[in-house]
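User: I've got a structure open and want to talk it through. Can you pull it up and take my questions as they come?

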Amino acid sequence: MTTADTTTKSTSLFTPVLIAGCIIILVSFAIRASFGVFQIPIATEFSWLRADFSFAIAIQNLFWGIGQPIFGALAEKYGDRKAIITGALFYAAGLIFSSFAITPGQHQFLEILVGFGIAGTGFGVILAVVGRAASDKHRSMALGIATAAGSAGQIVGPPLAQAMLQSMQWQSVFMMFAGFILLSLFALTFMRVPPPPKVEKNDESLGAVLKKAFKDPTFAFIFLGFFSCGYQLAFITAHFPAFIAEMCSVISPDSIMQTLGVSSTTTLGAVSIAIIGVFNIGGTLLAGWLGSRYSRKYLLASIYMLRTIIAALFILNPITPASVVFFSVTMGALWLATVPLTSGLIAHIYGLRYMGTLYGLVFFSHQLGGFLGVWLGGSLYDLFGNYNIVWWIGVGVGGFSAIIHLPIDERPWAKRQPQLATT
C-alpha cells in the first residue's frame, strides 16, 4: 500500500464511511428480513402452495450470492458508489415490479432483481469499503459495527412490515419499501470512500489471486463452512414467522406478552425476528471485538456448535411462547456473529486488495445454503405438513461447519507461502 493510500485511513473508529455504510445496510436488511412476514398473506391471496413463495425467496437468496462477487468486482473496478447505486436500482425495480406480479413464476423471476439489489447494498460491497477505511487497530470492530447495522434493520423490518400490512395491501408495502431503498442512497453523499490500493507493477492480477485462492485448502474450508450459516439464517428468516404462527401454543391472556401487545402467534412470529435482531447487535459487536484478540477460526467453530445445540434443543421440546423467546434471544446472539469473523479472516489471510471479490465468492456458499434452506422449507412443508426434517438438516450442517473450521490456517499468505507474495 502506498503512502497516499494509508492517509485515507482514519485513526477514529466512527467515520463518515462507517456511518453511511451502516445506514445503507440497515435499510437493505430491514426489507430483506421482512419477506417471511409476507409468506402467508401472499400465499393466501393467490391460493398458492407454501413452496411457491418460498421458492421466490430462495431464488432471491441464490442471486444475492451470485451477485455478491459480481458487485464486489464492479466496486473494485468502477468504484464503490457506482456499485451501490446500481444495486439500489435493482432492489427498487424488483420490489416495484413484484407488487404487480400475480403468478408464482412472476414473483420468482423478479426476485432475481431483488437478490442482485441486496448484493449491491449489502455486506459484500459495504464491508469491503468499511474495511479499507478503517485502521488496522479498528478494522475488526468496524466490521462488527457495520454487520450489527444489518441486525438493526432486522429489528425494524419485520414488525414494520407486519404493522403496515394491518392498514394496507402487501403491494403497497412493497412500493414503500422501494422508496426507502432509494432514499438510503442519500447516505452516499457522506461516504468519502478510500480507493482500493493502486495496482503496482509487481502486484498480482485478480485472476492470479483467484487461481491461488481456489487451490488453497483454507479458502475451501471457509467457503464450505459458510454454507450452514446461510442455510440456518435464510430458513429462519423466511419460515420462522409462519412456523410460529402455526405451531406455537396460544399466548396466555394474563402473560407479559399480552401486556406488551403481543396477543397472537402471528404477531409473535414477526416479533421473534426482531428479537433475534436485537440480541444480534450485541453478539455481532462482541464477535468483532473478540476477533481482534483471539483466533477467528476457533470463534467461528464455537458459534456454529452453539447454534447447532440451540436448534436441536428447540425442536426437541414443545413450541411455546417462552421457548420461542428463548430461541430468539440465544440464536440472535449468534446470528450474524460469523460475518465480521469470516470477512476479517479473509482480509487477514488474503489482504484488502481483492477482499470484496474473495468475500463475495465465499458469500456465494452462504447464499447457496440460504437457497436450499428456504426452498426445502417450503417444499418439505408441503410434502409432510411440518418443518421437522428441515430443522434437522440445519442441525447437521451446523455441526459440519463447526468441524471444518478447525483445520483453517490463519497465517497470512505471504508468511505462510512467501512465494505467493511475488509474481
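**Starting with K297**

Analyst: Let's begin with K297, which is buried, at a relative accessible area of 11%. Keep in mind that this is a predicted model.

User: OK, which helix is K297 in?

Analyst: K297 sits in α14, the helix made of residues 296-316.

User: And what does K297 touch, skipping residues up to four places away in sequence?

Analyst: H405, L406, P407, I408 and E410.

User: How far is K297 from A245 in space?

Analyst: Their C-alpha atoms are 37 Å apart, with the two positions 52 residues apart in sequence numbering. For another pair, take L286 and L334: they are 48 residues apart along the chain, and their C-alpha atoms are separated by 9.9 Å.

User: Where's L286, then?

Analyst: L286 is in helix α13. L286 counts as partly exposed because its relative accessible area is 46%, between the 20% and 50% cut-offs.

User: Switching to charges. How many salt bridges does the structure hold?

Analyst: One. The side chains of D409 and R411 form it, at 2.8 Å from N to O.

User: Is R411 buried or exposed?

Analyst: In between: R411 is partly exposed, with 45% relative accessibility.

User: What about R32, what's its nearest side chain of opposite charge?

Analyst: That's E111, 10 Å away. R32 is buried and has no salt bridge. Side chains of opposite charge can pair when their charged atoms come close. The cut-off for a salt bridge is 4 Å, so E111 is too far from R32 to count.

User: So what is R32 in contact with?

Analyst: Leaving out neighbours within four places in sequence, R32 contacts Q60, W64, Y91, I118, Q154 and T237. R32 itself belongs to helix α2, residues 16-32.

User: Any empty space inside? How many cavities of 30 Å³ or more turn up?

Analyst: Seven, from a search of the whole structure. The largest cavity holds about 100 Å³ of space. R32 comes back here: with W64, L233, H366 and Q367, R32 is among the closest to the centre of that cavity, out of 14 lining residues.

User: Which helices supply at least two residues of that largest cavity's lining?

Analyst: α2, α4 (50-78), α11 and α17 (355-384) each do.

User: And the second largest pocket, what's its volume?

Analyst: About 240 Å³. It is lined by 16 residues, and V37, P41, Q162, L165 and T266 are the closest to its centre. Helices α3 (39-46), α8 (139-165), α11 and α13 (265-291) each give at least two residues to that lining.

User: α11 again. Which helix gives the largest share of the largest nonpolar core?

Analyst: First, the core: it has 131 residues, and those touching the most other members are F38, I236, F240, F243, I244, F314 and W391. The largest share, 14 residues, comes from helix α11, which spans residues 217-247.

User: Pick F243. What does F243 touch?

Analyst: Setting aside residues up to four places away in sequence, F243 touches C248, F314, I315, I319, Y387 and W391.

User: Last one: which way does phi go at S47, positive or negative?

Analyst: Positive, about 55 degrees, although S47 is not a glycine. Most residues other than glycine have a negative phi. S47 lies in the loop between α3 and α4, and S47 counts as exposed because its relative accessibility is 64%.

How values were computed
Residues numbered from 1 in each chain as written. Predicted model: local features only at pLDDT ≥ 70, side-chain atom pairs only at ≥ 80, totals over all residues. Heavy atoms only, no water. Helix = DSSP H or I, 4+ residues; strand = E, 2+ residues; numbered from the N terminus. Buried < 20%, exposed > 50% of the residue type's maximum accessible area, 1.4 Å probe, protein only. Lys, Arg positive; Asp, Glu negative; His and termini not counted. Contact = heavy atoms within 4.5 Å. Core = buried A, V, L, I, M, F, W, Y, C linked by side-chain atoms within 4.5 Å. 1 Å grid on protein atoms, 1.4 Å probe; cavity = no way out; pocket = protein on both sides within 12 Å on 5 of 7 lines; lining within 4 Å. Points joined across faces, edges and corners; volume = space filled by probe spheres on them.
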